[in-house]
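Work through the exercises below with the sequence and the 3D structure at hand. Try each task before reading its solution.

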Amino acid sequence: MQRTFTWLLDRVQHLGAPVTLHASYLEIYNEQVRDLLSLGAPRPLPVRWNKTRGFYVEHLRVVEFGSLGALMELLQMGLSRRRSSAHTMNQASSRSHALLTLYVSHQTPQQRPPVDPGEPPVGGKLCFVDLAGSEKVAATGSRGELMLEANSINRSLLALGHCISLLLDPQRKQSHIPFRDSKLTKLLADSLGGRGVTLMVACVSPSAQCLPETLSTLRYASRAQRITTRPQAPKSPVAKPPQHLETELLQLREENHRLRSRLGQMDPKASGLTGARVSWAQRNLYGMLQEFMLENERLRKEKRQLQSSRDLAQDEQRILAQQVHELER
């Protein structure tokens, strides 16, 4: 994680554009989401969903940082508040799943981390997830509260494994993925079935005593490895096609074509117009055509400007796609 932090800050410094970095840190303990960076006593936070952002944690604290030292302080503060206990196999066993999220956005007042439910996500984000290991209650000797914590950990990992198995189904577009079965799968829905790149690090042991756990962990990770996602760089709003201008331009072209055809087919005798009235009608028609031609020229100019903006946004998107490819590699 520290090497990733160093790489990220180094890339941000060489971007040549003002960028802001924010971080949030939470844990899922007994199916309750707790903010590890909040200043007060930890309290459960609700997990919401909307069309724009998907699943998100309401009232989660987001802290701005600008250096590796500041980020490591946030990490250490969160680790010190994370729940851990001792049992027969581990003196400092983590009793919760932890999610550290880093938000990268342009330094403008309009673009902030997605803390408001109605605000669309901007920029990019990196999620570091520390999954608590599954436990055998008989081996750990857990009793009372420790057994309840182990059951909660095992249930959430089982729900995550079930979602991973369904994501491997080639017909998953027509099937339902039960991300709502646990808080963990809700918050990992974007990473597993979204548009990002996901990397799983499996912790195994060379000891023969841990062979069943090692095989189970490797099977778990191999299933996650076979999930195929479609990484996409965030799109700029400028890249959206000017649909209303295209429609208006087509309407004006059709109207111009009709007017030109009428003007060419006009017969003064058939229309009952002679002399000065014919010349007056023709002047009016020519005047209308000139106005439409000027309007069309103005729309073409606006269209060229929008196309140049879109090309610029596509260039930025290609650069971001290359960065995503480098990160994946």
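The exercises that follow concern a predicted model.

**Exercise 1. The whole protein**

Task: State how many helices and strands there are in the protein, and what share of the residues is buried.

Solution: The protein has 10 helices and 10 strands. Of its 329 residues, 33% are buried. As a further step, take the contacts between residues at least 6 apart in sequence: 69% of these join residues at least 24 apart.

**Exercise 2. Helix α1**

Task: Check the span of helix α1 against the value expected at 1.5 Å a residue, then find where its buried residues lie.

Solution: Step one is the length. Helix α1 covers residues 2-13, which is 12 residues, and the expected span is 16 Å. The end C-alpha atoms of α1 are 17 Å apart, which agrees. Step two is the list of buried residues in α1: Phe5, Leu8, Leu9 and Val12. Seen down the axis of α1, these fall within an arc of 95 degrees, so they line one face of the helix. Step three is the cover over this face, which includes strands β1, β6, β9 and β10 as well as helix α2.

**Exercise 3. Helix α2**

Task: Repeat the analysis for α2, and name the exposed residues on the face turned away from its buried side.

Solution: The 14 residues of α2 should span 20 Å, and its end C-alpha atoms are 20 Å apart, which agrees. The buried residues of α2 are Leu71, Met72, Leu74, Leu75 and Gly78. Their arc around the axis of α2 is within 155 degrees, so they too line one face of the helix. These buried residues pack against α1, β1, β6 and β9. On the face turned away from them, α2 carries the exposed residues Glu73 and Ser80.

**Exercise 4. Aromatic rings**

Task: Find the aromatic pair in the structure and describe its geometry.

Solution: A search of the whole structure gives 1 aromatic pair. Its members are phenylalanine 5 and phenylalanine 128, with 5.3 Å from centre to centre and 80 degrees between the planes. An angle over 60 degrees counts as edge-to-face, so this pair is edge-to-face. Phenylalanine 5 belongs to helix α1 and phenylalanine 128 to strand β10, 123 residues apart, so the pair links distant parts of the chain. Buried means under 20% relative accessible area. Phenylalanine 5, at 0%, therefore counts as buried, and so does phenylalanine 128, at 16%.

Two rings also have an arginine over the face. Arginine 53 lies over tyrosine 56, at 4.1 Å from the ring centre. Arginine 180 lies over tryptophan 49, at 5.7 Å from the ring centre.

**Exercise 5. Two single residues**

Task: Locate arginine 43 and methionine 288, and classify the exposure of arginine 43 and of methionine 288.

Solution: Arginine 43 sits in the loop between β2 and β3. Its relative accessible area is 51%, so arginine 43 is exposed. Leaving out residues up to four places away in sequence, arginine 43 touches Val33 and Arg34.

Methionine 288 is in helix α10, residues 276-328. With a relative accessible area of 36%, methionine 288 is partly exposed. Its C-alpha atom is separated by 9.1 Å from that of asparagine 256, 32 residues apart along the chain.

**Exercise 6. A record and the model**

Task: Compare the UniProt "coiled-coil region" with the model.

Solution: The unreviewed UniProt entry lists residues 289-316 under this name. In the model, residues 289-316 are 100% helix and 0% strand, with end C-alpha atoms 40 Å apart.

Definitions and conventions: Residues numbered from 1 in each chain as written. Predicted model: local features only at pLDDT ≥ 70, side-chain atom pairs only at ≥ 80, totals over all residues. Heavy atoms only, no water. Helix = DSSP H or I, 4+ residues; strand = E, 2+ residues; numbered from the N terminus. Expected span 1.5 Å × (residues − 1). Buried < 20%, exposed > 50% of the residue type's maximum accessible area, 1.4 Å probe, protein only. Arc of directions from axis to C-beta. Contact = heavy atoms within 4.5 Å. UniProt positions renumbered as here; feature names shortened; annotations may be inferred. Phe/Tyr/Trp six-rings, centres within 6.5 Å; stacked < 30°, edge-to-face > 60°. Lys NZ or Arg CZ within 6 Å of the ring centre and 35° of its normal.
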